[in-house]
Amino acid sequence: GGQMKDDAMIFLLRVLQTGLLPLNIRPGKAPHLLSLWEGISNPRRVKNSRANSLGEKPFRCTVCEKCFPGKLNLTLHMRIHTGEKPFKCSVCSKDFNQVSNLYKHMRSHTGERPFRCSVCSKDFSDPSHLKIHMRAHTGEKPFECSICARTFTANHNLKMHMRTHTREKPFRCPVCEKDFTQMSSLNRHARSHTGERPFTCSFCEKGFTQMSHLKIHVRYHTGEKPFVCSFCDKGFAEKGTLTAHLRTHTREKPSKDSVCGNVSASNHSPV
């Protein structure tokens, strides 16, 4: 009993004073510390017992007036307004406003993926990622666009979709000031300025700015041709090449957009 209390005090002091997560806390190693850790890392579990039983939320945020059942919940919430991030990653020095977010982040360094899909056995580092993934199996799409009624498996996908209606482009290139709807699109665009080609072919070491371009390129090494003509069964490595080929059957003239928008096979071929 006394040793458990001492361990708990050391654990709390380590977290609260340094903001660093003790990496040796793992299920089965120290169950009494693990339960304490879960209480700290998950603010939803840290609730005033009386307020929780009566449904009361007596602690009010002075900035946005949102109410909480416990003082700790309010303290954690206030960091959203103050920008305070007291918990620092000991590996890359990235800061976090909650120790639970630091704990999740540490898995990007350790490679730990403790949450497994019961259908396909794919592993995830965060339970929320697993929950979204499960919808690919169930077909559930609970997030619906209020304008066109299109549905999505995740809320962030809906938010990105809404920008096609609002024309919002919140991510701006600091070099040429071009705007983008997604951060990932801006990151890809930035490589046109830096010349970075992080995706390298394992066959010939040719570099590419996008993973999708590398995948197409690799097909010229492997001979894979997943796009098949419905008229003559001829196969192609790229969808754009198939589209161009189909016009030899349909005699359809390509539009200006389709010609300009296509990435030619010569960009990806290994020769």
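**Figure 1. A search of the whole structure turns up 0 disulfides.** This is a predicted model, and its cysteines are a good place to start looking. Take cysteine 89: the closest cysteine sulfur belongs to cysteine 92, and at 3.7 Å that is too far for a bond, because a disulfide needs the two sulfur atoms within 2.5 Å. Cysteine 232 is in no disulfide either, with the sulfur of cysteine 229 as its nearest cysteine sulfur, 3.6 Å away. Are these two cysteines, 89 and 232, buried or exposed? Cysteine 89 is buried, at 1% relative accessibility, whereas cysteine 232 is partly exposed, with a relative accessible area of 38%.

**Figure 2. Cysteine 89 turns up again here, in the largest nonpolar core of the model.** This core has 6 residues: Phe87, Cys89, Phe96, Val99, Leu102 and Met106. Which helix gives the largest share of the core? That is helix 5, residues 99–110, which supplies 3 residues. In soluble globular proteins, nonpolar side chains tend to be buried together.

**Figure 3. Here we zoom in on phenylalanine 96, a member of that core.** Setting aside neighbours within four places in sequence, what does phenylalanine 96 touch? Its contacts are Lys85, Pro86, Phe87, Cys89, Asn101, Leu102 and His105. Of these, Phe87, Cys89 and Leu102 are also listed in the core.

**Figure 4. Helix 10 covers residues 239–250.** With 12 residues, helix 10 reaches 16 Å from its first C-alpha to its last, close to the 16 Å expected at 1.5 Å a residue. Which residues are buried in this helix? Leu242, His245 and Arg247 are. Just after the helix comes arginine 251, and its phi is positive, near 65 degrees.

**Figure 5. Histidine 245 sits in helix 10.** Why does histidine 245 count as buried? Its relative accessible area is 15%, and buried means under 20%. If you skip the neighbours within four places in sequence, histidine 245 is in contact with Cys229, Cys232, Lys234 and Phe236. Two of those names are familiar from the first view: cysteine 229 holds the nearest cysteine sulfur to that of cysteine 232.

**Figure 6. Glycine 223 lies in a loop, between helix 9 (211–222) and strand 13 (227–228).** Glycine 223 is partly exposed, with a relative accessible area of 46%. Where does alanine 237 come in? It is 14 residues away from glycine 223 along the chain, and the two C-alpha atoms are separated by 7.8 Å.

**Figure 7. These are two of the spans that carry the UniProt annotation "domain: C2H2-type".** According to that unreviewed entry, the annotation covers residues 59–86, 87–114, 115–142, 143–170, 171–198, 199–226 and 227–254. Residues 59–86 are 43% helix and 14% strand, and their end C-alpha atoms are 22 Å apart. For residues 143–170, the figures are 43% helix and 14% strand, with the end C-alpha atoms 22 Å apart.

**Figure 8. Stepping back, the whole chain has 11 helices and 14 strands.** How many of its 271 residues count as buried? The share is 27%. The accessible surface comes to about 18,200 Å², and 52% of that surface belongs to carbon and sulfur atoms. Among contacts with a separation of 6 or more, 19% come from residues 24 or more positions apart.

Note on methods. Residues are numbered from 1 along each chain as its sequence is written. This is a predicted model: local features need pLDDT of at least 70, side-chain atom pairs count only at pLDDT 80 or more; totals for chains, interfaces and linings use all residues. Side-chain values use heavy atoms; hydrogens and water are left out. UniProt positions are given in the numbering used here, feature names are shortened, and annotations may be inferred rather than shown by experiment. Helices (H or I, at least four residues) and strands (E, at least two) are DSSP runs, numbered from the N terminus. The expected span of a helix is 1.5 Å times one less than its number of residues. Buried means under 20% relative accessible area, exposed over 50%, partly exposed in between (1.4 Å probe, protein chains only). Contact means heavy atoms within 4.5 Å. Accessible areas come from the Shrake-Rupley method with a 1.4 Å probe; for residues, only the protein chains shown count as cover. A nonpolar core is a set of buried Ala, Val, Leu, Ile, Met, Phe, Trp, Tyr and Cys residues joined through side-chain atoms within 4.5 Å.
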